[in-house]
Amino acid sequence: PIVLGIESTCDETAASVVQGRTLISNVVASSMDEHARYGGVIPEIASRAHAEAFVPCVSKALADANMTLSDVDAIAVSAGPGLAGCLAVGVSGAKSLAWAANKPIYGINHVIGHIAVTQLQFGPFPEDTLALIVSGGHTSLLHVEDVARHIDVVGTTLDDAAGECFDKVARLLGFPYPGGPHIDRHAQLGDPHAIKVPQGLTQGKAGQQHPYDFSFSGVKTAVARWIEEQQAQGNEIPVDDVCASLADSVATVLAKKAMRGCEQYDSKTLIVGGGFSANSQLRAKLLEVGAEHGVEVRVPQLKLCTDNGAMVAMLGVNLVEAGVAPSNPDFAIDSAMPLTKISM
Ligand code: ATP
Ligand code: MG
Ligand code: FE
């Protein structure tokens, strides 16, 4: 099937055409630069940017594919999770297109799209597989029985997401938003063992382990405290070493728990997705431990890690192929859509 995918959950307006497992076109417009000076995404500015970029993005995605709306079998759009005002623009636009062209529409889960997109490079999911979602808002380990129908959450962050932790430390170091890529770049120049950064391993009450949950807020606090101490003593901050040590700690715990999960669930494949999967330290670590454990690690190419329309279209293809009923044409957005809900 041919699916037009539309994305507007946060600061990227994006549209893409996917046919089967082939990426036909992929257009992304970002309002990131407009938010940089505020140190974070301003919902009102982002929503307005979506309204301006929606028609140009969709038109270009169809033009690049040499198609018109009548050529697609279905339209998929991110229905959540995300910023309500932003979601409303993309979903209203997508509904209008579906109405006008008389096409079925699927309101899909953006975060599940982040892992679905790997199929464009690696082909269909194995029947039972583990997936690691690492994005700006999510850090979770999922058991994917069937990407179109059934997903369970195996573990999740109890506080901050990995990307959020990087962005917060980046802010302390004076990098502009989003800081994740800056930490990545500096980490490549530093010593990952220079500073002792705690691993976000979580202990439940009475020493009870939560084997697959994550916690990154303590990691951020530890780094913040270390920086403050150095500043109080008048020491210069070894930025590269701070970044390298943080990146190593976060990548290590993510990789360790993902592999433990693969063992427990007997999964020979680990699907990875989300903006933070662009992180070079995590990519390297996952491939390393994957090779050790005999697990094939499927990480998206860089341009498909951060928000895009191809991930939405790909999940749309999965839903069409699985024969899942399209969404009711008046479906609502869900800014807090749970990971177990794949489509509306
Ligand atoms: P969600 O998908 O959970 O709704 P989101 O869509 O806002 O959240 P993404 O766009 O998937 O998040 O990812 C953005 C995050 O990825 C930011 O936190 C950003 O710092 C981080 N990020 C992007 N590239 C890198 C990198 N190379 N290293 C570390 N972090 C990165
Ligand atoms: Mg973004
Ligand atoms: Fe995302």
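**Exercise 1. Place valine 134 in the fold and work out whether it is buried or exposed.**

Step 1: Find the element. Valine 134 belongs to strand E6, which covers residues 129-134. Keep in mind that we are working with a predicted model.

Step 2: Count the neighbours. A residue is called buried if 20 or more other C-beta atoms lie within 10 Å of its own. Valine 134 has 29 other C-beta atoms within 10 Å, so valine 134 is buried.

Step 3: Name the contacts. Setting aside residues up to four places away in sequence, valine 134 touches Thr139, Ala162, Gly163, Leu254, Gly274, Phe276, Ser277 and Leu282.

Step 4: Check the record. An unreviewed UniProt entry lists Val134 under "binding site", along with residues including Gly136, Asp167, Gly180 and Asn279.

**Exercise 2. Describe the sheet that contains E6.**

Step 1: Write down the strand order. The sheet is open and has five strands in the order E8-E7-E6-E9-E10, with mixed pairing.

Step 2: Look for the edges. Strand E8 (150-156) and E10 are the edge strands, as each pairs on one side only. From one strand to the next, the twist averages 25°.

Step 3: Zoom in on one pair. E6 and E7 run antiparallel and are joined by six bridges. Try finding leucine 130: its bridge partner in E7 is histidine 143.

Step 4: Add a helix. H9 lies across E6, E7, E8 and strand E9 (269-273), and runs at about 160° to E6.

**Exercise 3. Compare how H6 and H7 are covered, and say what packs against each.**

Step 1: Take H6, residues 162-172. Eight of its eleven residues are buried, which makes H6 mostly covered. Among the buried ones are Ala162, Gly163, Phe166 and Asp167.

Step 2: See what lies against H6. Its buried residues pack against E6, strand E7 (139-146), H7, helix H8 (217-232) and helix H9 (239-264). Just after H6, glycine 174 takes a positive phi of about 85°.

Step 3: Take H7. This helix is also mostly covered, with six of its eight residues buried. They are Gly180, His182, Ile183, Asp184, His186 and Ala187. The cover over them includes H6, H9 and helix H10 (280-293).

Step 4: Pick out glycine 180, which lies in H7 (residues 180-187). Glycine 180 is buried because 24 other C-beta atoms lie within 10 Å. Beyond residues up to four places away in sequence, its contacts are Gly163, Phe166, Asp167, Ala170, Phe276 and Asn279.

**Exercise 4. Which residues around ligand 1 come nearest, and what classes make up the shell?**

Step 1: Start with the nearest residues. There are 26 residues around ligand 1, and Gly136, Gly137, Gly163, Gly180 and Gly275 come nearest.

Step 2: Trace the shell back to the fold. H4, H6 and H7 are the elements that give two or more residues to it.

Step 3: Sort by class. The shell has eight nonpolar, 15 polar and three charged residues.

**Exercise 5. Examine His110, His114 and Asp307, which share a UniProt annotation.**

Step 1: Read the record. An unreviewed UniProt entry marks these three residues as "binding site". They are spread over 198 residues of sequence, yet they cluster in space, with a largest C-alpha distance of 8.6 Å.

Step 2: Locate two of them. Histidine 110 is in helix H4 (residues 110-116). Aspartate 307 sits in the loop between strand E10 (296-298) and helix H11 (310-322).

Step 3: Test for burial. Histidine 110 has 27 other C-beta atoms within 10 Å and is therefore buried. Aspartate 307 has 26 C-beta neighbours inside 10 Å, so it counts as buried.

Step 4: Compare contact lists, leaving out neighbours within four places in sequence. Histidine 110 is in contact with Thr9, Ser78, Gly80, Pro81 and Gly82. Aspartate 307 touches Glu7, Thr9, Cys10, Glu12, Ala14 and Gly275. Thr9 appears in both lists.

**Exercise 6. Describe the sheet with the order E3-E2-E1-E4-E5.**

Step 1: Give its form. This is an open sheet of five strands with mixed pairing. Its edge strands are strand E3 (22-30) and strand E5 (105-109), and its twist averages 20° from one strand to the next.

Step 2: Inspect a parallel pair. Strand E1 (residues 2-7) and strand E4 (residues 74-80) pair over four bridges in the parallel sense. Isoleucine 6 stands opposite valine 77 in E4.

Step 3: Add the helices. Helix H2 (residues 43-64) packs on the sheet and touches E1, strand E2 (12-19) and E3. H11 also packs on the sheet, touching E1, E2, E3, E4 and E5, and its direction makes about 135° with that of E1.

How values were computed. Residues numbered from 1 in each chain as written. Chains lettered and ligands numbered in written order. Predicted model: local features only at pLDDT ≥ 70, side-chain atom pairs only at ≥ 80, totals over all residues. UniProt positions renumbered as here; feature names shortened; annotations may be inferred. Buried ≥ 20, exposed ≤ 12 C-beta atoms within 10 Å, placed from the backbone. Contact = placed C-beta atoms within 7 Å. Near = placed C-beta within 6 Å. Nonpolar A, V, L, I, M, F, W, Y, C, P; charged D, E, K, R; others polar. Pairing = 2+ DSSP bridges. Axes fitted to C-alpha atoms, helices over the stretch in contact; angles between N-to-C directions.
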